Amino acid sequence: TNIASRQRNIITAAMAEDSLAILPSSMGRQPAQPKKKSISSFIPQQRGGLLLKDPSAEECPYTFSDSPAYLRKKQDEEDAKRAAELESKDETRGFLRAVEEYGKKQKWEEAHQSLERRTAVPSGLFLVTRAVLRWKFAKYAGALHDTDEAIANYSSSAKCGPLASAFAGFVRICLGSKVREKGGCSREMKELLEGWEAAERTSLGQHALGQGLFHPRAAERLSEPKEIIPGMEATDGSYIVSSGVRIGYTFIKNLEESSAALMVHFHGSDEIAADYRTPAMCEKYKSLRVHLLVVDYRGYGWSSTGEAPSFETLLPDSEPFAEQLPELVIRLGLAWPYLSGIILSGRSLGAQVAIHLATLYPKLFGALILDSSMATSVTGDRLGRGPQRKAALARWKKELEQANLEILQPLEDDLCPLSALDKIKTFQGRLLVLHGLGDELMPQEGSESLHTAAGTRNKDLVLIKGAGHNNIGQIDEYWSSIRRLVLKCELDDHIPSVGETPEPLCAVCAAKAESKCGRCKRVWYCGRGHQAEHWKSHKHTCAGGPPAPKEKTVAEGEARFVALVVANISQQRDVAHLKHTMLSVREQAFPFDKVLVGFWAAEADLAEAARVAAEGAAEIVQLEQCSRPFSMVSALLNLLPNDVASSNVTTWVQVLLPPALLAPRCSATLLPPLRRASGDARIAALNIAGGVAWGDVDNLPQSADDVAALLGESKAKIAAPDSDAADGQQPSDLELSKTLVRLKVLKTFVETTPAGVLDHPLCDFRFSGKLQSAFGKKVQRFDPPEGDWLLWPSAPRLRGRSDEDNSESPTPDKERAEFLHEGFLKLREQLETMPEGRSAGSSSSLNLETIESSERALVVLRRRTEKRLILLAGEEISPKELKNVGSEEMQRFLEEVGLDKVIGLERWRHDVAAALSKNAAELFGVKVSTSLR
C-alpha cells in the first residue's frame with residue numbers, strides 16, 4: 001500500500017508541473033525472484049564437472065564447459081570447421097581448377113607462378129599444392145616452410161593435415177634431414193614413412209665414402225675466454241642437438257673489429273675446432289677482419305656424445321646449430337640481426353654441411369665458401385628408386401585422390417634424395433669455390449661441377465697452382481681470395497634471418513626485440529631496462545670502435561714471513577740437518593719476521609745439541625714425544641704473538657723439514673708474488689713449482705754452495721715444473737715444505753682437525769684437500785726464474801717410507817689376502833682351460849700372484865679408503881655416504897686387479913668394503929648419524 005501511494009504522488013507531481021518525466025517501465029512491479037533449478041541440473045553430464053555437497057543451498061558456479069579438455073576439443077572442432085569452410089570456398093576451388101588446367105597441359109611453370117603471385121593463403125590445401133610445385137622447381141626451403149605452416153595452422157583438417165605431414169617427411173628425407181613430424185600422418189603412411197627413413201639411415205651407415213673418412217680427436221675445452229694473440233679472443237662452447245647430445249664449437253672474436261663479418265666454418269674430417277685457435281690461424285683470420293665460429297661434429301673435440309661420427313648424423317646435427325644461431329650470437333657478445341653479414345664456409349667434408357645449411361636457410365647466410373669440396377654427396381641416388389620409397393609414394397597418391405589433388409600425382413618423380421649438385425642450384429648469395437690443382441684427395445672437377453651448377457650469378461672459381469689438399473692454406477692466393485669476398489660482403493645489405501622474415505632479438509636476453517639503439521641502429525633490445533644495462537659494454541663499440549686496451553693493474557698488499565722449523569732428533573745426523581737448515585734461514589737476503597723451532601729428541605744430549613743448532617730462533621720448543629709435522633706446527637702456532645695474527649699485514653707461514661735448504665735469494669724472490677697474493681683474499685697459499693732432482697741420498701748438501709756445486713757437476717738437476725697449475729692439482733700433489741700458507745688459513749685447518757688426525761701420516765693429504773676446496777680459496781702457482789732453485793726440499797725417502805708401507809698388515813687383511821689369492825688361482829686355472837684362451841689378471845701395478853702381493857694390494861685399498869675419509873675427519877655423514885665411499889673404492893680396486901666381472905664376490909666385496917670404511921671412520925672420528933639422509 002505504501003509503495004502504490006508513493007508512486008501516485010510522483011505521477012501527480014509530474015503532471016502538475018507539465019514535465020516530460022519518463023518513468024521506468026518496471027515501476028510498480030515486484031522484482032522477479034530467481035527460479036530455483038532442480039537438483040539434477042547440478043550433476044555434470046560428463047566427467048570433469050564439480051558437484052557441490054548441497055546443491056539446493058547454493059548454485060554451482062562450475063560446469064563441464066569450463067574444463068580444459070572440453071575447451072581443447074571445442075577449439076579443434078572449430079579449427080576443423082574453419083578448414084572445411086576454407087576448402088569449400090570458391091576461391092580455393094578456383095586455384096585448384098587453375099592448377100588442374102595447367103597440369104593437364106603440363107604447364108607446371110605457369111601453375112607455379114600463379115600460386116607464387118598470391119599473397120593471401122586461403123587454405124591448407126593451397127600450402128600443400130604450392131609446396132609440391134616449389135619442390136619441383138628447386139625451391140626446397142620454400143617447400144619446407146609451406147609444409148611447416150600447413151602443419152602449424154591446418155593440422156586439424158582431415159584433408160590437409162595428413163598430406164602436409166607426409167609431404168614434410170618426404171622433403172626432409174630427400175634433403176638428408178631427419179623427419180620431425182609424423183603424428184599428423186595416417187597410420188598407413190606413418191609406417192611407410194618410417195620404413196623409408198630407416199632404409200635411408202641403413203644406406204648411410206653402409207656408404208662407401210664413410211668407411212675410414214672420419215678421424216675424430218678429443219680436445220680440452222677452454223674453461224674461460226682466452227686471448228690467443230692481441231685482438232683475437234677464443235671462447236669454447238657447445239649447442240644442444242638432442243637429449244644427451246651436445247656439439248662443441250670455438251668462437252674467435254676479433255676485438256679490434258667489433259663490426260666485422262661473422263664467418264661460420266665447418267672443418268674437414270681430419271681437423272677439430274680447437275685447431276683453429278692457434279696463434280698462426282688467428283693471425284690469418286685477423287687479417288681477414290672477421291669473427292670466426294668453427295663447429296665440430298659428433299665425437300670431435302669436446303662434443304658430449306658417445307656415438308661415433310657418421311653420415312647418418314652429419315647433416316641433421318647441423319640444423320639445430322642454424323636454428324640456435326641467433327641465441328648463440330647474442331651469447332657470444334654480438335647483436336641480432338647481425339647486419340655485418342654471416343659467411344658460411346665448409347672445407348672438404350664440411351662443404352657438404354655448408355651446402356646443406358645454405359639450402360635449408362637461404363636467408364641466414366649471405367655468402368658461401370667451398371674449400372676443396374667434393375661433388376659426390378652423402379645424399380643422392382642411394383635409394384631414390386628403392387621399394388620403400390615406392391610404397392610410400394603409392395600411399396601418397398591415394399591420399400591425393402581423397403583430397404581431390406590427383407593432378408599432383410605425376411610430380412612424385414621429383415621426390416628423390418638430392419645430391420650436393422641439386423642443392424646448390426637454389427643458392428642465390430655470393431659463392432666462392434676454392435680448390436688446389438695439386439689436390440691428391442679431392443679431384444678439382446668436383447669443385448668445377450659445383451661452381452657450374454650453382455644458381456647464383458655472383459660466383460667465383462679459384463684454382464690454385466701448387467696447392468694440395470692439406471697445404472692449400474699456406475698459399476697467399478687462398479687468403480687473398482677470401483679477403484676479396486669478405487670485402488664484398490661488407491658492402492651488401494643482406495639481413496640474416498632463420499625464418500621468412502628477420503626477427504630482431506634483444507642483445508641481453510635474446511627475447512623478441514621492440515627497439516634498437518638510436519645511435520648506431522645495429523643493436524636491438526626488448527625494453528629500455530636492458531638497453532641501459534647493455535650500454536656499459538655497448539658504448540665502446542657504438543661510438544666507432546673499442547678503446548685502447550688498458551694495462552692490467554694488480555692490487556698489492558703488505559706481506560711478512562714466518563718460518564716454522566720442525567724436526568725429530570733421533571741421532572747426531574739429525575742435529576746436523578737441523579743446523580744446516582737454520583743456517584740457510586739466517587742467510588736470507590730478506591730475513592724472516594719470526595722463526596720458531598719445534599723438535600723432539602730421543603736423548604738429553606741430543607736435545608741440548610738441537611737447542612744449540614736452533615740458536616737464533618724466536619722460540620724453541622721441545623716436544624715430549626715423537627710427532628708428525630702437523631702436531632709440531634699446532635704447538636708452534638700457539639706461541640705466535642697475537643699482534644702477528646691480528647695485524648693488517650698478511651702473514652705467510654713456511655714450514656721447513658730438515659734437511660731442507662733455502663737459497664739465499666729465496667725470500668727476496670718470493671716477496672713480490674706474496675705481496676700480489678696478499679691483495680687477493682681468494683688466494684690461500686702459494687705453491688713453489690718445480691724443484692731439485694738428485695740421485696745420491698747419502699751425501700746431502702750442507703749449504704747453498706754445496707747445492708750449486710752438485711748442479712754444476714750434474715749430480716743434481718733442476719726439475720721442470722709440472723704443466724698443471726697448482727689450483728688444478730689433486731690434493732696429494734701439494735707438499736707442505738713447498739707451500740707458503742696464510743697464517744689464518746693454517747690456524748683454521750689446525751683448529752678444525754681432530755688432535756689424533758694431526759699426528760696421522762695421511763694428514764698431509766687432508767691438508768692439501770682442505771686447502772684447495774673446503775676453504776673456498778685457491779692455491780696460486782709460482783714458477784721460479786728459469787735455471788734458479790729456491791728450495792732444496794726435504795726428501796720423503798730420508799724420512800723413511802710411510803707407516804702404511806712399514807707396518808705389518810692387520811690379521812683380517814692377511815685372511816682376506818689368502819681368500820683373494822686362492823680364488824685368483826682357481827679363476828686363472830679355469831680361464832686357461834677355456835678355448836678362447838682368456839687369462840685372469842690386470843696390467844696395473846696391483847696383482848694377486850702371491851699372498852704377499854695380495855696383502856700389499858689390500859693395504860693399498862685400505863689406504864685409499866682412509867684417504868677418502870680423512871677429508872671428513874670430525875664431521876658427520878650419513879650411513880649411505882659411508883657405504884658409497886667403501887663401494888666406490890672397492891669397485892676401483894676390483895677393476896685394477898681384473899676381478900670386477902667375476903660372479904661370487906658380491907658378499908665378500910660388500911663385507912670388506914663396509915669393514916674398511918667403518919674402521920677408517922672410527923680412526924678419524926667421522927660421526928655416522930642415522931638422522932641424516
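Visitor: Why is Phe630 called buried?
Guide: Its relative accessible area is 1%. Buried means under 20%, exposed over 50% and partly exposed in between, with a 1.4 Å probe and only protein chains counted. Since 1% falls under that 20% mark, Phe630 is buried.

Visitor: What should I keep in mind about the model itself?
Guide: It's predicted, so local features need pLDDT of at least 70 and side-chain atom pairs count only at pLDDT 80 or more, while totals for chains, interfaces and linings use all residues. Numbering runs from 1 along each chain as its sequence is written, and side-chain values use heavy atoms, leaving out hydrogens and water.

Visitor: What makes Phe767 count as buried?
Guide: Phe767 has a relative accessible area of 3%, and by the cut-off just given that makes it buried.

Visitor: How much of the chain is buried?
Guide: Buried residues account for 47% of its 933 residues. The accessible surface comes to about 47,700 Å², and 49% of that belongs to carbon and sulfur atoms; these areas come from the Shrake-Rupley method with a 1.4 Å probe, and for residues only the protein chains shown count as cover.

Visitor: How many aromatic pairs are there?
Guide: The count is 16. The rule takes rings of Phe, Tyr and Trp (its six-membered ring) and pairs them if their centres lie within 6.5 Å; planes under 30 degrees apart are stacked, over 60 edge-to-face, and the rest tilted.

Visitor: What makes Tyr285 and Trp479 an edge-to-face pair?
Guide: Their centres are 5.3 Å apart and their planes make 90°. The distance is within 6.5 Å and the angle is over 60, so the pair is edge-to-face. Tyr285 sits in helix H9 and Trp479 in helix H16 (residues 476-491), so the pair ties together parts 194 residues apart in sequence. Tyr285 is buried at 5% relative accessibility, and Trp479 is buried at 6%.

Visitor: Why is the pair of Phe630 and Phe767 described the way it is?
Guide: Their ring centres are 5.2 Å apart and the planes stand at 50°, so this pair is tilted. Phe630 is in helix H20 and Phe767 in helix H26 (residues 763-774), with their positions 137 residues apart in sequence.

Visitor: Which residues form one aromatic cluster?
Guide: Phe167, Phe170, Trp196 and Trp396.

Visitor: How many helices and strands does the chain have?
Guide: There are 31 helices and 24 strands. These are DSSP runs numbered from the N terminus: helices are H or I with at least four residues, strands E with at least two.

Visitor: What is the order of the open sheet of 9 strands?
Guide: It goes E1-E2-E3-E5-E4-E6-E7-E8-E9, with mixed pairing. Strand E1 (226-229) and strand E9 (459-464) each have a single partner, so one side of each lacks a neighbour in the sheet. The twist averages 25° from one strand to the next. Two strands pair if DSSP finds at least two bridges between them. Strand E3 (residues 245-254) and strand E5 (residues 290-295) have 4 bridges, in the antiparallel sense, and Phe251 stands opposite Leu293 in E5.

Visitor: Which strands does helix H9 lie across?
Guide: Helix H9 (residues 279-288) lies across E1, E2, E3, E4 and E5, running at about 80° to E1. Helix H11 (residues 318-331) also packs on the sheet, with its direction at about 135° to that of E2. Axes here are lines fitted to C-alpha atoms, for helices over the stretch in contact, and angles between N-to-C directions run from 0 to 180 degrees.

Visitor: And the sheet of 7 strands: what is its order?
Guide: This open, mixed sheet runs E14-E13-E12-E15-E20-E17-E21. Its edges are strand E14 (619-622) and strand E21 (778-782), each paired on one side only. Strand E17 (residues 683-688) pairs with E21 in the parallel sense over 5 bridges, with Leu686 opposite Gln780 in E21.

Visitor: Why is helix H12 said to be largely enclosed by the rest of the structure?
Guide: In H12 (residues 350-360), 11 of the 11 residues are buried, so that description follows. Among them are Gly350, Ala351 and His356.

Visitor: What does Ser373 touch?
Guide: Leaving aside residues up to four places away in sequence, Ser373 touches Ser348, Ala351, His435, Met442, Ser447 and Leu450. A contact means heavy atoms within 4.5 Å. Ser373 sits in the loop between strand E7 (367-371) and helix H13 (387-402), and at 0% relative accessible area it is buried.
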